[in-house]
Amino acid sequence: MDASGIRKVFDLAAKMRDPINLSIGQPDFDVPEQLRQAAVQAIQNGYNKYTQTQGLAELHEALGKACQAEFGWNNDHPFLVASGVSGALVLAMLTLVNPGDEVLFLDPYFVMYKHLVNLAGGVPIAVDTYPDFKLDVDKIARAITPKTRLLILNSPANPTGAVYDESQLRQLAELAGRHNLLVISDEIYNLFCYDQPFVSMASLYENTLLMRGFSKSYAMTGWRVAWVTGPKPIIEKMTMLQQYSFVCAPSMAQAACVPALQADMSAEVAQYRRKRDMVYDMLGETFGLVRPAGAFYAFVPAPGKNATAFVQKAIDNNVLVIPGNVFSSRDTHFRISYATNDQKLQQGLEILVKLAKG
Ligand code: PLP
């Protein structure tokens with residue numbers, strides 16, 4: 001494992017005075033008041049002990065209802081409440097991947113995928129999606145071998161903000177079905193989908209291990225709760241492994257996630273849609289940016305196709321962004337997170353444009 005890329009940026013950030021920080025992968029709004037109160041109340045009500053390994057019964061019930069409303073499922077889907085999607089990914093990789101198994105995901109990718117596949121002894125196979133970050137099913141088909149164990153999908157995506165539409169996902173479902181391939185669908189940014197209704201792979205393909213998190217949707221990154229559903233034998237094995245690792249997700253946080261499933265986050269999402277527009281309006285033409293459709297990131301082509309050099313320049317000018325080689329085999333782009341206040345965002349974008357124009 002190599003932590004050098006992102007650590008270098010954070011080491012630099014520690015030395016900066018009041019930087020314009022466009023590198024942060026979490027919302028800038030706080031947990032909604034009623035959910036904070038729910039967590040406080042949960043502590044007062046004694047939710048301070050281990051829960052069952054698979055998670056609180058009332059959260060399972062609420063998840064069942066939410067999935068019934070979204071997917072039309074009967075109440076026969078197994079759930080596992082995990083310590084974040086990160087925790088769910090660790091359990092999934094250790095459960096599913098044997099040494100030498102190949103795991104496909106799209107490049108650029110969320111950093112954890114590659115490292116967790118390696119941790120499990122698997123072989124990460126990153127399928128290039130440059131320059132537009134679209135889901136190219138033929139390219140994925142060409143990457144499948146007899147050793148392919150599973151495919152990880154992330155829509156809306158970190159770091160590109162790409163969102164896959166229903167017809168692309170249907171094609172992918174057909175391909176995966178032909179190869180009997182399990183798909184992990186990391187839908188942690190499902191609420192942050194700006195231009196089209198969000199489509200879940202789980203609604204189109206049964207052999208999907210669906211992961212959703214509370215971290216980004218409700219700004220609870222420190223609370224460490226997520227949920228997983230999918231084929232029963234896999235959920236059972238992951239639950240068994242959780243027994244010997246994470247034990248359970250934090251009890252009071254799980255309790256507060258029950259009302260979270262009812263919370264209306266549309267105002268926050270509208271704010272982020274507006275910030276996305278601001279980023280695209282200011283950077284689109286100068287940088288040749290592909291318009292991001294979801295999450296809260298833009299993956300911007302670096303002038304001279306040298307992201308590390310450009311990021312260094314940005315940092316010298318007090319703007320913190322992350323070079324693309326942290327998320328990719330290429331170092332031609334940099335990632336902006338627009339999860340910050342308008343003033344900082346405006347200032348940061350103006351500096352980036354000025355630097356690009358030389
Ligand atoms: N998946 C993606 C694509 C992410 O961007 C992140 C966090 O940045 C995670 C998973 C992990 O989220 P958590 O462990 O907080 O649920």
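## Overall build and two residues of a predicted model

The protein has twelve helices and twelve strands. Its radius of gyration is 20 Å, close to the 21 Å that the globule rule gives for 358 residues, so the protein is as compact as a globular protein of that length. The structure is a predicted model, and its C-alpha atoms fill a box of roughly 60 × 55 × 35 Å when the box is taken along the principal axes.

Of the 358 residues in the protein, 54% are buried. When contacts between residues at least 6 apart in sequence are considered, 75% of them join residues that are at least 24 apart. The protein exposes about 15700 Å², and carbon and sulfur atoms supply 50% of that area.

Two residues, one exposed and one buried, can be set side by side.

| Residue | Place | Relative accessible area |
|---|---|---|
| Met1 | segment before α1 (4-15) | 75%, exposed |
| Ser83 | loop between β2 (79-82) and α4 (84-96) | 11%, buried |

Met1 counts as exposed because its relative accessible area of 75% lies over the 50% cut-off. Together with Leu94 and Leu119, Met1 makes a nonpolar surface patch of about 360 Å².

Ser83 counts as buried because its relative accessibility of 11% lies under the 20% cut-off. Which residues does Ser83 touch, if those up to four places away in sequence are not counted? They are Arg224, Gln242, Phe246, Cys248, Ala249 and Pro250, while Ser83 itself is placed in the loop between β2 (79-82) and α4 (84-96).

Notes
Residues numbered from 1 in each chain as written. Predicted model: local features only at pLDDT ≥ 70, side-chain atom pairs only at ≥ 80, totals over all residues. Heavy atoms only, no water. Patch = residues over 30% accessible without salt bridge, like charges linked within 9 Å, V, L, I, M, F, W, Y side chains within 5 Å. Areas by Shrake-Rupley, 256 points an atom, 1.4 Å probe, with all protein chains shown as cover. Salt bridge = Lys/Arg side-chain N within 4 Å of Asp/Glu carboxyl O. Helix = DSSP H or I, 4+ residues; strand = E, 2+ residues; numbered from the N terminus. Buried < 20%, exposed > 50% of the residue type's maximum accessible area, 1.4 Å probe, protein only. Rg over C-alpha atoms; globule rule 2.2 N^0.38 Å. Contact = heavy atoms within 4.5 Å.
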